[in-house]
Amino acid sequence: FFFRFAAVYVSQKISKSRWRPVSHSSLQQADIFATGSWDNEDNKISFWSIGSHGSSGVEDGFEGDPQLLCEHKHDGDVLDLQFLDQDRIVTASSTGAVTIFRHHQNSQTISVSQQWARAHRYPSDNAPCTGVVCSSPEIVTVGEDGRIIVFRADQEGVIRVIDNADSSTIHAVTYLRTTEILTVNSIGQLKLWDLRQQSNSPSQILSLSGDRVPLHCVDRHPNQQHIVATGGQDGMLCVWDVRQGSTPFSLMEAHSAEMWEVHFHPTNPDHLFTCSEDGSLLHWETSSQSDIPSFLQGGRNSSMTSRSAMAPAGGNQSLINAWLSGDSSKGRLETTHMLPSQTLSVNSLDVLGQCLVCGTDGEAIFVNRQVPV
């Protein structure tokens with residue numbers, strides 16, 4: 001059983017796909033998303049709509065294929081892409097650059113509003129910027145050079161650089177709390193950084209025991225900030241409790257190749273999604289919530305939700321142990337393949353409300369507006 005996706009073929013390998021955040025004052029569904037490409041002669045960032053922007057055909061409840069709104073050339077591969085706010089996105093480039101693009105919705109054009117050209121670099125060459133996370137106006141980036149850099153969208157200079165944050169490549173970064181970030185690296189470590197401290201050392205280091213398997217992606221539970229999910233080169237899904245111990249709380253076999261992204265559903269985090277080099281997109285569900293009606297029946301209490309938004313502390317206490325006791329052998333964790341068999345890598349996914357988008361090396365973008373949560 002597979003879910004119904006609308007597919008659009010774009011003659012670009014898609015490296016990143018992200019929903020534009022929706023404002024809490026509206027009850028709107030996600031309808032605009034951005035994509036970035038990689039490994040093409042000319043890379044681009046693009047904005048797409050799945051709303052009824054002049055398109056017809058709402059009879060079956062699906063408003064048609066994604067429509068391209070506008071696009072802009074991007075120097076280098078887009079290695080990460082995050083919305084700063086409703087109109088601006090930040091890209092991490094293989095050239096080491098960090099760029100803020102503005103989407104002008106009236107004219108459907110894109111312009112560069114700010115750029116830090118060689119933010120990440122080696123002494124004699126550029127170093128790829130591998131990850132970015134935003135909490136407007138703050139932007140934090142990481143790179144192959146092992147640096148962590150803090151910018152502000154309203155300032156030209158760099159706010160802070162942690163030069164030797166890592167001796168290996170930092171692959172991804174996310175916020176743990178408003179002033180704390182998490183990074184994952186190519187030797188299987190998860191590091192916590194308190195940006196209030198002047199120290200250039202992490203406040204905590206957690207690591208995979210045994211083989212130093214590179215970690216590629218990280219996401220934090222939106223309500224229980226101590227619960228973190230990571231994925232890496234071996235395709236395993238790791239769930240960590242950063243309050244306890246220095247190793248993962250649980251390890252689950254997920255994919256047969258590298259896991260590229262992992263995302264908790266931002267408002268219903270007993271659902272989680274992963275994608276992989278093996279061409280699969282998995283939906284994970286902890287069944288401890290089966291007696292609670294799906295948020296689809298309610299869904300009106302979500303505030304501004306996006307990958308980088310800070311969730312309120314506390315949250316639903318009944319969710320605390322759902323992931324930490326995640327054990328598929330006890331029937332507490334169900335996994336579903338969401339795409340029909342893919343041959344090429346699914347590089348990126350994002351989920352917001354009922355909508356999911358993913359981008360692939362098969363030069364296709366898949367959108368589903370009926371995510372099963």
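This section describes the fold content, confidence, sheet pairing and selected side-chain interactions of a predicted model.

The protein chain contains zero helices and 28 strands. Of its 373 residues, 57% count as buried. Long-range contacts contribute substantially to the contact map: among contacts in the protein chain with a separation of 6 or more, 55% are accounted for by residues 24 or more positions apart. Mean pLDDT for the protein chain is 85, with 83% of its residues reaching 70 or more. Over residues 326-330, however, the pLDDT is below 50, and this stretch has six contacts in the model beyond near neighbours in sequence. A further segment, residues 53-62, also has pLDDT under 50 throughout, and the model gives it 12 contacts beyond four places in sequence.

Strand pairing was examined in an open sheet of four strands. The strands are arranged in the order S18-S19-S20-S21, and their pairing is antiparallel. Strand S18 (215-220) and strand S21 (250-253) occupy the edges; each has a single partner strand, so one side of each is left without a neighbour in the sheet. From one strand to the next, the twist averages 20 degrees. Within this sheet, strand S19 (residues 227-232) and strand S20 (residues 236-241) run antiparallel and are joined by five bridges. Thr 230 is positioned opposite Cys 238 of S20.

Charged side chains were considered next. The model contains 15 salt bridges. One of these is formed by Glu 261 and Lys 16, whose closest N and O atoms are 2.6 Å apart. Glu 261 belongs to strand S22 (residues 259-264) and Lys 16 to strand S2, so this pair ties together parts of the chain that are 245 residues apart in sequence. Glu 261 also forms a salt bridge with Arg 18, with the closest N and O atoms 2.9 Å apart. This second pair likewise links distant parts of the chain, since Glu 261 is in strand S22 and Arg 18 in strand S2, 243 residues away. The participating residues are withdrawn from the solvent-accessible surface by the 20% criterion for burial. Glu 261 counts as buried because its relative accessibility is 3%, and Arg 18 is assigned to the buried class because its value is also 3%. Lys 16, at 11% relative accessibility, is buried as well.

A salt bridge is also found between the side chains of Arg 196 and Asp 194, with an N to O distance of 2.8 Å. The two partners fall into opposite accessibility classes: Arg 196 is exposed, with a relative accessible area of 55%, whereas Asp 194 is buried, with a relative accessible area of 13%. Elsewhere, salt bridges with shared partners connect Lys 16, Arg 18, Asp 80 and Glu 261 into one network.

Polar interactions were then examined around Lys 13 and Asn 43. Lys 13 is located in the loop between strand S1 (6-9) and strand S2 (14-19). With a relative accessibility of 23%, Lys 13 counts as partly exposed, because the buried class is restricted to values under 20%. The side chain of Lys 13 makes a polar contact with that of Asp 39 at 2.7 Å. Residues up to four places away in sequence being excluded, Lys 13 touches Gly 36, Ser 37, Trp 38, Asp 39, Asn 40, Thr 360, Asp 361 and Glu 363. A separation of 9.1 Å is found between the C-alpha atoms of Lys 13 and Asn 347, which are 334 residues apart along the chain.

Asn 43 is placed in strand S4 (residues 43-49). Its relative accessible area is 5%, and Asn 43 is therefore buried. The Asn 43 side chain makes polar contacts with the side chain of Ser 37 at 3.0 Å and with the side chain of Asn 40 at 3.0 Å. When neighbours within four places in sequence are left aside, Asn 43 is in contact with Gln 12, Ser 37, Trp 38, His 72, Lys 73, His 74, Gly 76 and Asp 77. Ser 37 and Trp 38 thus appear among the contacts of Lys 13 and among those of Asn 43.

Definitions and conventions
Residues are numbered from 1 along each chain as its sequence is written. This is a predicted model: local features need pLDDT of at least 70, side-chain atom pairs count only at pLDDT 80 or more; totals for chains, interfaces and linings use all residues. Side-chain values use heavy atoms; hydrogens and water are left out. Helices (H or I, at least four residues) and strands (E, at least two) are DSSP runs, numbered from the N terminus. Buried means under 20% relative accessible area, exposed over 50%, partly exposed in between (1.4 Å probe, protein chains only). Contact means heavy atoms within 4.5 Å. A polar contact is a pair of N or O atoms within 3.5 Å; within protein, one must be able to donate a hydrogen and the other to accept it, and residues adjacent in sequence count only if both atoms are side-chain atoms. pLDDT is the predictor's confidence in each residue, from 0 to 100. A salt bridge is a side-chain nitrogen of Lys or Arg within 4 Å of a carboxyl oxygen of Asp or Glu. Two strands pair if DSSP finds at least two bridges between them. Axes are lines fitted to C-alpha atoms, for helices over the stretch in contact, and angles run from 0 to 180 degrees between N-to-C directions.
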